[in-house]
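Thanks for coming. I'll take a few minutes to walk through one structure, starting with how its strands pair and then moving to the charged residues.

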Amino acid sequence: MTNYVKFTNFTVKDSLPTGDTNKVIRGAEFDTEFDAIATAVATKSNSASPTFTGTATFDGITATGTVNFTGGSVTTNIDGGTIDGVTIGGSSAGAGTFSSLTATTGTFSGAVTGSNLNVSNWDTAYGWGDHGVEGYLTSVTFSDIDAGAVTLSTETFVNSDTQIPTNAAVRNWVLTTYPTIVELNDLTANVTWATVPDAYISESSVTQHEAALSISTSQLAGGLSLSDITDVTATASEVNTLDGITATTAELNYTDGVTSNIQTQLDSKVGTSHTGDVDITGELLVDSYNETFKKVSSAASTNYYDIANGSYDSKVVNILSLDGMVRDVFFKPDGTKMYFAGAGNDRVYQYSLSTAWDISTASYDSVYLSTLSGGVTLYQVTSLFFKSDGTKLFISDYLGDAIYQYTLTTAWDLSTASYDSVSLTVTSQDGNPNHLDFKPDGTKLYLLGTNNDTIFQYSMTTAWDLSTASYDSVSLDVTSTSGSSTTSAVFNNDGTKLFVLRAVDVIDQYSLTTAYDLTTASYDSVTFDVDSTVAGNAATIRFKDDGAKLYVIGLTNNTENKI
């Protein structure tokens, strides 16, 4: 039943100031109050002839006259009350006498007595039958009982002449009382070894009978090897016999596949003179001071990254048809792919080389990356650099003063490249970034700026992730040695050499006493002039990974020359 709860405090409105909107008494407030009153009234019972549904609880009810419980199943629980002054149920039920009490079901606590007490339906109540006829079982007498027919899972058998055990009880008693069979030392008690479990055969029990054992080689699992045989003394004839083969002294002197004895072979290695080349590793020991040594041959050493001795290969690929202002080139580490940065159309172009590192075998893949779409717009692409596995691409924007990062879902395939929404602004160092180079492990970035003709050094706490890049406050100003208008700067493969390209088609060489640390760089006074092979100013340089090849892009005619 629902009680009425008032929703609006109308008295409070009297104290509100004039003009307060809450001072107004609204029709909605009246409706809310009267609806609550109507709900509470509708759910209350009438005082005359009420009807209850569900569970009704009465506390301290006094009934006069006759109380009738009818209409379906009625359960009356009198627990702890009294009838005619007698306690019914509770913790101290009393004995009572009821006249003419008839019940077909029910539970009574305490003593129930009376001459007219008649519980007539035992069959329904307990399923035992009419106890008035059947009676109660008070004792059992057994005679001629088969012990095998009695099974008690909890029975325990003891030494008693008066107990009839089951078969299972007798077995358990025997196993507990006599758990093991005492071994007869002479094994005369009908013991068959085939039925003796391995768990009951110990090494010590077998060892004490070693003298009586006879074991053949075929009975040993895996046979015998030389490591299994110790403490063997052999005669000369026994040594000469190897697994059924009889060898003579001369045969033993031969090595596998050689037809002369060992002494003859050694003698052929020690002579007074030799012809041809002799390779000696380690120390050379001589026993006198009059030995003569002559140089019989030498291999010419190869000095890669040696720009002072470079020569033109007369091989070229022209990409003028694709872009009128190519600014940079990059190669896949195996030399089978080549990529160009075109500032004319702001694209990166992809080529394949049928012969690795031979640009004369290059063909356009008809694949390019446009930097004018895909979430970012670059207005003058000047340089590009790939992560060593081909899954990341970095591009510098000359007019955007920034470096941008891309991801390739398929390594070295530009058609799968997408912008990472990651960039590095370099305005504080140089307003016109011109060329990129990275440390091979992706933890260092080097940027050549056109405005200052200076190389700036950055570190990345996460390799190949521009979002973790920060300026090292380390730079190398090359104006004093390379002059102004530098266009490219690249390292050798171990970071100990740095090569800077001037717009006047000259490459300058620097050395670093600490690899990839610009603060340790110094000019070597070594140069290489590429003006004779580049028609117009040179735009960039790149080396083959081992330094054996140098590639130069001509800025004017957009032709890549291999040197």
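Before I name any partners, one definition: two strands count as paired if DSSP finds at least two bridges between them. Also keep in mind that this is a predicted model.

With that, look at strand E9, residues 337-342, and strand E10. Six bridges join these two strands, and they run antiparallel. To find your place, take Phe 340: its bridge partner in E10 is Tyr 349. E9 and E10 form a hairpin, with four residues between them. In that turn sits Asp 346, which has a positive phi of about 55°.

E10 has another neighbour, strand E11, residues 362-370. Here seven bridges join the two strands, again antiparallel. Val 348 is the residue to pick out, since its bridge partner in E11 is Leu 369. As for the surroundings of E10, six of its seven residues, in the run 347-353, are buried, so the strand is largely enclosed by the rest of the structure.

Next, a sheet further along the chain. Four strands make up an open sheet in the order E20-E21-E22-E23, with antiparallel pairing. Its edge strands are E20, residues 486-491, and E23, residues 521-529, each of which pairs on one side only. From one strand to the next, the twist averages 25°. Within this sheet, five bridges join E20 to E21, residues 497-502. One pair to look for is Val 490 with its bridge partner in E21, Phe 499.

Val 490 also leads to the next residue, because it appears in the list of contacts of His 435. 

Where is His 435 found? It is in strand E16, residues 433-438. His 435 is buried, with a relative accessible area of 1%. Residues that His 435 touches include Ser 383, Tyr 446, Leu 447 and Ser 488. Its side chain makes polar contacts with two other side chains: that of Thr 540 at 2.9 Å, and that of Asp 328 at 3.5 Å.

Asp 328 takes us to the salt bridges. How many does a search of the whole structure find? The count is 13. 

Asp 328 forms one of them with Arg 542, and the closest N and O atoms are 3.0 Å apart. Asp 328 lies in strand E8 and Arg 542 in strand E24, so this pair ties together parts that are 214 residues apart in sequence. Is this pair buried or exposed? Asp 328 is buried at 0% relative accessible area, and Arg 542 is buried at 5%. Asp 437 joins in as well: Asp 328, Asp 437 and Arg 542 are linked in a network of salt bridges.

Another salt bridge is between Lys 549 and Asp 313, with the closest N and O atoms 3.0 Å apart. Both residues lie in loops: Lys 549 between strands E24 and E25, Asp 313 between helix H9 and strand E7, so the pair ties together parts that are 236 residues apart in sequence. Lys 549 counts as partly exposed at 25% relative accessibility, and Asp 313 is partly exposed at 27%.

The last one I'll mention is Lys 444 with Asp 472, where the closest N and O atoms are 3.0 Å apart. Lys 444 is in strand E17 and Asp 472 in strand E19, so the parts tied together are 28 residues apart in sequence. Asp 472 is partly exposed, at 23%.

That's everything I have for today.

Note on methods: Residues are numbered from 1 along each chain as its sequence is written. This is a predicted model: local features need pLDDT of at least 70, side-chain atom pairs count only at pLDDT 80 or more; totals for chains, interfaces and linings use all residues. Side-chain values use heavy atoms; hydrogens and water are left out. Buried means under 20% relative accessible area, exposed over 50%, partly exposed in between (1.4 Å probe, protein chains only). A polar contact is a pair of N or O atoms within 3.5 Å; within protein, one must be able to donate a hydrogen and the other to accept it, and residues adjacent in sequence count only if both atoms are side-chain atoms. Contact means heavy atoms within 4.5 Å. Axes are lines fitted to C-alpha atoms, for helices over the stretch in contact, and angles run from 0 to 180 degrees between N-to-C directions. A salt bridge is a side-chain nitrogen of Lys or Arg within 4 Å of a carboxyl oxygen of Asp or Glu. Lists of a residue's contacts leave out its neighbours within four places in sequence.
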